[in-house]
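Open your viewer, load the model and keep the selection box handy. We will go stop by stop, with a word on what to pick at each one.

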Amino acid sequence: MSLESPMLVGFSEKEIDDYIHVYQEKDPWTKVEAEHHPYFPYALSNFVDREELVKSGFMEWLEPQGIDDCVVIAVCTSVDHWVGINVFFSAKDSHVKRKIIDILSTFQPLMTEVWTFGQKVRIANTSTKKLKHYIEGLDTPVFLVSKDAELIDTNRAANEFLRLKCKTIRVQQSKLCSVDTQLRRKLRDAIHRAGNQEFTDLSLPKITLSHGHWRYTVTLLQKGEDVIGADTALRLVSINWSNPSPLSNVTSIKKNDHVEKTERELVSALAADDNVVQLLCPFGANRPKAKR
């Protein structure tokens, strides 16, 4: 909150300054809002009467402005934070409170939609302007996602990865996910936990996990919380083959259960000895069947 804040309308700089430095701690309405989440608009006079406002000392700030009541409503809600609108007014006219509640109830869906759209635009602009060139320069598949695994952007390697119909990773309902229940849970947890890591520009927090033949790295690209406490930071999910060196996969053809009978017979006929390099198939595409 600052004196230039566009979220504070109708108050003078002095009134805002007085509230921040003197009356914020005396404000009994804040506690009410924390205990009674405003999923739907309500008047704070339902919980705090005028006598309590006077006793708390908060009326000293309200009365000179002709204010003695407030209607509050949430326009964005998540697990750990919410964004609300407070409309201050004088309750001398009994019809004013009802009219304010009716108006906020009518426009609440629209206000929520506008707020959510604004958040998506800010994230999209950040990724397009500052990160698109960077991620396109990477050879490995990378996915730019939000804390909820919502897909923001990809590079060409990631699009190729998905185009080849990888059996593990896919995009479903605009979110990065996995058909493997265990991997889906591990990946979702890593994406969420990344926001709790200590962020510095010189050391980007990373969480790495392995599953099957793949290694997944979640990198936090921004500070986990914005000014209102919401986690809006972008995550970069990169996917690498966990054993990229073909020479490390040298094995006996007779002991390799992944080689089909036809392939085993063919290699046995061509190879001078019994050691061959196992063919890597990093995108999970089906290898061609040999014909007899």
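Contact, on this tour, means heavy atoms within 4.5 Å. Keep in mind that you are looking at a predicted model.

**The whole chain**

Start with a cartoon view of everything. The protein chain has eight helices and 12 strands. Of its 292 residues, 35% count as buried. Now think about which parts of the chain meet: among contacts with a separation of 6 or more, 52% are between residues 24 or more positions apart. Switch on the surface, and the protein chain exposes about 18700 Å², with carbon and sulfur atoms supplying 54% of it.

**Helix α6 and its cover**

Select residues 156-163, which make up helix α6. Which residues of α6 are buried? They are Ala157, Ala158 and Phe161. Look down the axis of α6: the buried residues fall within an arc of 100 degrees, so they line one face of the helix. Turn to the face pointing away from that buried side, and you will find the exposed residues Arg156 and Arg163.

Next, add the elements that cover the buried residues of α6. They include β4, β5, β6 (169-172), β9 (214-220) and β10 (235-241).

**Ser146, between two strands**

Two of those strands lead to the next stop. Ser146 lies in the loop that joins β4 (142-145) to β5 (151-154). Is Ser146 buried or exposed? With a relative accessible area of 9%, Ser146 is under the 20% cut-off, so Ser146 counts as buried. Show the contacts of Ser146 beyond four places in sequence, and you should see Ile152, Ile191, Ala233 and Arg235.

Stay in this part of the sequence and select Lys147 and Asp148. The two form a salt bridge, with the closest N and O atoms 3.1 Å apart. Lys147 is buried at a relative accessible area of 19%, whereas Asp148 is partly exposed at 42%.

**Thr219 in strand β9**

Now pick Thr219, which sits in strand β9. Thr219 is buried, its relative accessible area being 7%. Leaving out residues up to four places away in sequence, Thr219 touches Leu204, Pro205, Lys206, Leu234, Arg235 and Leu236. Arg235 may look familiar, as Ser146 is in contact with Arg235 too.

**Salt bridges**

Side chains of opposite charge can pair when their charged atoms come close. How many salt bridges are there? The count comes to eight, and two further pairs are good ones to display.

Select Glu63 and Arg50. Their closest N and O atoms are 3.2 Å apart, and they form a salt bridge. This pair links distant parts of the chain: Glu63 is in the loop between α4 (59-62) and β2 (69-77), Arg50 is in helix α3 (residues 50-56), and the two are 13 residues apart. Both ends are partly exposed, Glu63 at 47% relative accessibility and Arg50 at 44%. Add Asp68 to the selection, and you have a network of salt bridges linking Arg50, Glu63 and Asp68.

Then move to helix α7 (residues 181-193) and select Asp189 and Arg193. Here the closest N and O atoms of the salt bridge are 2.7 Å apart. Because Asp189 and Arg193 are four residues apart in α7, about one helical turn separates them. Asp189 is partly exposed, with a relative accessible area of 38%, and Arg193 is partly exposed as well, at 33%.

**A nonpolar patch on α5**

Bring the surface back and select Ile103, Phe107, Leu110 and Val114. Together they make a nonpolar surface patch of about 380 Å². Zoom in on Leu110, which is found in helix α5 (residues 94-136). At 46% relative accessibility, Leu110 counts as partly exposed.

**Last stop: the cysteines**

A disulfide is a covalent bond between the sulfur atoms of two cysteines. How many disulfides does the model hold? The count comes to zero. Finish by selecting Cys76 and Cys177: Cys76 is buried, with a relative accessible area of 17%, and Cys177 is buried at 11%.

Definitions and conventions: Residues are numbered from 1 along each chain as its sequence is written. This is a predicted model: local features need pLDDT of at least 70, side-chain atom pairs count only at pLDDT 80 or more; totals for chains, interfaces and linings use all residues. Side-chain values use heavy atoms; hydrogens and water are left out. Buried means under 20% relative accessible area, exposed over 50%, partly exposed in between (1.4 Å probe, protein chains only). A disulfide is a pair of cysteine sulfur atoms within 2.5 Å. Patches are made of residues with over 30% relative accessible area and no salt bridge: like charges are joined within 9 Å, nonpolar side chains (Val, Leu, Ile, Met, Phe, Trp, Tyr) within 5 Å. Accessible areas come from the Shrake-Rupley method with a 1.4 Å probe; for residues, only the protein chains shown count as cover. A salt bridge is a side-chain nitrogen of Lys or Arg within 4 Å of a carboxyl oxygen of Asp or Glu. The arc is that of the directions from the helix axis to the C-beta atoms.
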